[in-house]
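Biologist: Can you pull up the model for me? I'd like to talk through the fold and the core.

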Amino acid sequence: MATRKIGNIEFTNVNLLLIIDGIICSIFCSYVFYWTYQSDRNLISIMIIPLILGIIYENRKLSTDWKTISLKILGSIFLSIFAFLPGKNEKHYDFENHIEGWPYCFVFFFVLISTIYHNKKVIPKLTEGITFLQSISIIYWIIDLRFLNIKNIFTFILIGLGLIFSFISFIHAFSYLKLTKKVRLFLSIWSSIIMIIFAIDHINRVFNFNSFSNYQLFDEALCILQYFLLGISLIYIFKNASMLFVYFPDKNSPYGKEQMKDIKQMNKTHIDRYSEEQIKILDSLFALLFTSGLYYLNLKHQIMPRHTLIWLVFFGFPLLISLKNVFFKKLA
């Protein structure tokens, strides 16, 4: 008998569950889409498709089993029905308003279920190279946002701390200093902070995107790309957030015995996910020149929005390094 487990819930007969859930979800979705089609309002954005495809793509990378992915999708649709429950302060129930929020409720549950199911797999593995790339990107982000022109002490303190953390990352990228447990913990937490900053900026910019150029086709392609990249990164954004959340003071007992125990466990998770393998100095130099060049060109010519380029660099540069290593290995 086929079994699947999501968190502590075990599903024994997956095929039967898929059929029953599939029928219920198909009837429900058909009704919602029929109502959407009949409505005069644009209730569901077409951009929800690349967003969901991005989540499916990342799920496919984490697990090649389509039955598991299907189960997660159907489970998310089933749970997203909660979006249609009337709100506490809702005087007049408007079904169409609930339809507008339904896709994002589905996305939330899809990402949440995927994160729980792949709990250990979605702990982002880190290296010196990744944190170095992130540090270069945060400097570009600060410059592009013109934060250096803001005359605010609090902002300058935050920028100063960010530059100090980035400097430590630079030192380790251009040296073979030992990656001690303390350094790995520090760089791992720094990486999570950077990713949350970029995530907030990316989500805000994606959902408020109107146009970037005078070419409609380019804008549409850019919009699709942004939503797809957001879909790919959402699982890891959730995980990075959970890896920082434990450090915030608890409501009932700030930094009490139980919280300190959780922090100690999370420190271990941060240290374990950071590789002790050190990046080659030549690769660091290549990363610095290549990414700095890209960011400089984008600053000067505004080829695409900064958040899109940053996420493209995160996903594309490690692939470029892999191709470079394969190429030189063949030449050797």
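Modeller: Here is the structure; bear in mind that this is a predicted model.

Biologist: Start with the basics. How many helices and strands are there in the protein?

Modeller: The protein has 11 helices and two strands. From the N terminus on, the order is β-β-α-α-α-α-α-α-α-α-α-α-α.

Biologist: And what share of the residues is buried?

Modeller: Buried residues account for 43% of the 332.

Biologist: On to the rings. How many aromatic pairs does the structure hold?

Modeller: It holds 26. Take Phe28 and Phe84: the ring centres are 5.4 Å apart and the planes sit at 85 degrees, so this pair is edge-to-face.

Biologist: Where in the chain are Phe28 and Phe84?

Modeller: Phe28 is in helix α1 (residues 14–38). Phe84 is in the loop between α3 (66–79) and α4 (95–117). They are 56 residues apart, so the pair links distant parts of the chain.

Biologist: Are Phe28 and Phe84 buried or exposed?

Modeller: Both are buried. Ring pairs also join them in a cluster with Tyr31, Phe33, Trp35, Phe95 and Trp102.

Biologist: What is Phe84 in contact with, leaving aside neighbours within four places in sequence?

Modeller: Phe28, Val32, Tyr93, Phe95, His98, Ile99 and Trp102.

Biologist: Which residues touch the most other members of the largest nonpolar core?

Modeller: Phe84, Trp102, Val107, Phe198 and Leu234, out of 64 residues in that core. Another core, of eight residues, lies apart from it; Met243, Val246, Tyr247 and Met266 are among them.

Biologist: Last one, the surface. How much area does the protein expose?

Modeller: About 19,700 Å², with carbon and sulfur atoms supplying 67% of it.

Note on methods. Residues numbered from 1 in each chain as written. Predicted model: local features only at pLDDT ≥ 70, side-chain atom pairs only at ≥ 80, totals over all residues. Heavy atoms only, no water. Phe/Tyr/Trp six-rings, centres within 6.5 Å; stacked < 30°, edge-to-face > 60°. Helix = DSSP H or I, 4+ residues; strand = E, 2+ residues; numbered from the N terminus. Buried < 20%, exposed > 50% of the residue type's maximum accessible area, 1.4 Å probe, protein only. Core = buried A, V, L, I, M, F, W, Y, C linked by side-chain atoms within 4.5 Å. Contact = heavy atoms within 4.5 Å. Areas by Shrake-Rupley, 256 points an atom, 1.4 Å probe, with all protein chains shown as cover.
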